Amino acid sequence: MNWLINTLGSSVGKKLMMSITGFVFILFLIGHLIGNLTIYVGPDAFNAYAGHLQSLKPALRLMESGLIFFAIVHIFTGLILFYQNFKARPNRYEVNKQAGGRTLGSATMPYTGLIILAFVIFHLFDFTFVDKTGRTVYDIVAASFSNPVYVFLYIASVFIVGIHVSHGFWSAFQTIGINHPKYMPTIQTAGLLFSLIVAIGFGFIPLFISLIS
Amino acid sequence: MTQNINLTLKVWRQNGQQDKGRFETYEVSDISTDMSFLEMLDVLNETLTLEGKEPIAFDSDCREGICGQCGSVVNGRPHGQEKKTTLCQLHMRHFKNGDTIAIEPFRARAFKVLKDLMVDRGALDKVIQSGGFISVNAGGAPDANAIPVSGEIAERAMDAAQCIGCGACVAACPNASAMLFVSANVSHLALLPQGKLEAAKRALAMVRTMDACGFGNCSNERECEAECPKGISIINIARLNREFFKAGFFSHNE
Ligand code: SF4
Ligand code: FES
């Protein structure tokens, strides 16, 4: 087991864990977004989708436990990396200038990450851990989005998710060693597109619901 | 066209590790734009010495961009603002009359400031000593071309081997990570048949030593490749990651 701790505990190993768990969340975002699209078909389709998910109980529980496990790994490893990287330069520069490598996404990863964590907790308490007797999932969602503050909060949060993913996407490939001039440009473009799709795809739903109700 | 310029320099002065350090301002005049940045500092040091003051300590050796001894952060950029240029090869023609230039040392926990702009980059040597070599049984010289290497592989290995160990990648990295340096050294040996034999041991040892020296973790900010005077690409970091995972998960080394 020593070899595993040595490998995963190293700087490169910790990055590997960030990358793999990050890939899982990218897949989750894709699945979540596709599922959410049913809301455009109408309340019934959305409720049917939610009911269908619930009927898959054992599989759903397994996925949920997996996601929680990956989230814990992603968050704790990320916090350790954040702390270590902060400590690696005790005396800061007096003049700071960038050479063009850094992006909005890369420079804010720990902060956007923590905001996303807060959002996910809020989101779960808003839609998942609520009393569902006598109301459909759509009712709960529509009630939330009748409040403009909630609409704003959700849109702002999914944009922050987009910013996080704009760096995380290509970075996850680079970390597991997938970088070649033949396809890295494609991966980077795909990453930017994906973060836009996430931000707009999720962000339009609260707006849509609040507009039609 | 040659012309002479006057500049205001804000130079980091720090008398050893205990000292907190501070910027001091100096005026230099009549600097030829044909001079290199280090020659400009030489001129200032001459004046300081004549005035009976302590000259500014900075490192340099070859002054032709190949040894990796020089390097300071100039206006927030390691080796100054010119791409693929060491500080000794940065010429004063890139500055304008009346400019104010801030000069500070490379900063990282793993690089201690010895004095003024001079830093101890011995941590990079430690990383090399832990695996940046190949073991060869000294015997008769092997025949030329006994080990075939394709031109393309040789090119990529030599691109990586261009690293001069200056530490600008560490200085530029927001996390003070040495991954670009380590990846250049791991890559250039891992690509060649002579280096492949010890590739697994090397990747593990060099990453472990890098971690132990107190460098930060790479988060793919790409500032290193933008500042590297030799244009080392982060493709090498991806290769280092592959070599490290291969060694960690599939080799007999621990
Ligand atoms: S990789 Fe580039 S910046 Fe880093 S030590 Fe080597 S030459 Fe200097
Ligand atoms: S003094 Fe040798 S590279 Fe600058």
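In this predicted model, B:Pro193 sits in helix α6 of chain B, a helix that covers residues 193–196. The residue is partly exposed, with 28% relative accessibility. Apart from neighbours within four places in sequence, B:Pro193 is in contact with B:Ile147, B:Pro148 and B:Val149. One of these partners, B:Ile147, is 46 residues away along the chain. The C-alpha atoms of B:Pro193 and B:Ile147 are nevertheless separated by 7.5 Å.

Helix α5 of chain B spans residues 179–190 and contains B:Ser187. Is B:Ser187 buried or exposed? Its relative accessibility is 0%, so B:Ser187 counts as buried, the limit being under 20%. Leaving out residues within four places in sequence, the contacts of B:Ser187 are with B:Ala160, B:Asn236 and B:Arg239.

These two sites belong to a chain with a mixed secondary structure. Chain B comes to nine helices and seven strands. It has 254 residues, and 54% of them count as buried. Its C-alpha atoms fill a box of roughly 60 × 40 × 35 Å along the principal axes. Contacts between residues distant in sequence were also examined. Among contacts in chain B with a separation of 6 or more, 69% join residues 24 or more positions apart.

Two loop residues of chain B have a backbone angle worth recording. B:Asn75 is found in the loop between β3 (73–74) and β4 (77–78). Its phi is near 50 degrees, a positive value in a residue other than glycine. B:Lys84 lies in the loop between β4 and β5 (100–104). Phi of B:Lys84 is likewise positive, near 50 degrees, and this residue too is not glycine. How exposed is each residue? B:Asn75 has a relative accessibility of 23% and counts as partly exposed. B:Lys84 reaches 60% and is exposed, because the class begins over 50%.

Cysteines were considered next. A disulfide is a covalent bond between the sulfur atoms of two cysteines. The structure holds zero disulfides over all chains. In chain B, B:Cys62 is partly exposed, with a relative accessible area of 25%. B:Cys166 is buried, at 7% relative accessibility.

In chain A, helix α8 covers residues 137–144. Its buried residues are A:Tyr138, A:Ile140, A:Val141, A:Ala142 and A:Ser144. What covers these buried residues? The cover includes α3 (38–41), α4 (43–55) and α7 (109–128) of chain A. Helices α9 and α10 (184–212) of chain A also take part.

A:Gly105 lies in helix α6 of chain A. With a relative accessible area of 2%, A:Gly105 is buried. Residues up to four places away in sequence aside, A:Gly105 touches A:Ile163, A:Ser166 and A:His167. A:Ile160 is 55 residues from A:Gly105 along the chain. Their C-alpha atoms are 9.1 Å apart.

The two chains meet at an interface. The size of an interface is often given as the accessible area lost when the parts come together. Chain A and chain B bury about 3,800 Å² between them. Carbon and sulfur atoms account for 53% of this area. In chain A, the residues that lose the most area to chain B are A:Val12, A:Arg89 and A:Tyr93. Together they make up 16% of what that side buries. By contact, 45 residues of chain A meet 48 residues of chain B.

Polar interactions across the interface were then counted. There are 26 residue pairs in polar contact between chain A and chain B, both residues being at pLDDT 80 or more. On the side of chain A that touches chain B, five elements give two or more residues each: α1 (2–9), α2 (11–36), α5 (57–87), α6 (104–107) and α9 (148–175). By class, that side has 15 nonpolar, 22 polar and eight charged residues. How many salt bridges cross the interface? The rule finds one. A:Arg102 forms a salt bridge with B:Glu221. The closest N and O atoms of A:Arg102 and B:Glu221 are 3.0 Å apart.

Terms used. Residues numbered from 1 in each chain as written. Chains lettered and ligands numbered in written order. Predicted model: local features only at pLDDT ≥ 70, side-chain atom pairs only at ≥ 80, totals over all residues. Heavy atoms only, no water. Contact = heavy atoms within 4.5 Å. Buried area = accessible area lost by both parts, 1.4 Å probe. Salt bridge = Lys/Arg side-chain N within 4 Å of Asp/Glu carboxyl O. Polar contact = N/O pair within 3.5 Å; in protein donor to acceptor, adjacent residues only side chain to side chain. Helix = DSSP H or I, 4+ residues; strand = E, 2+ residues; numbered from the N terminus. Nonpolar A, V, L, I, M, F, W, Y, C, P; charged D, E, K, R; others polar. Disulfide = S-S within 2.5 Å. Buried < 20%, exposed > 50% of the residue type's maximum accessible area, 1.4 Å probe, protein only.
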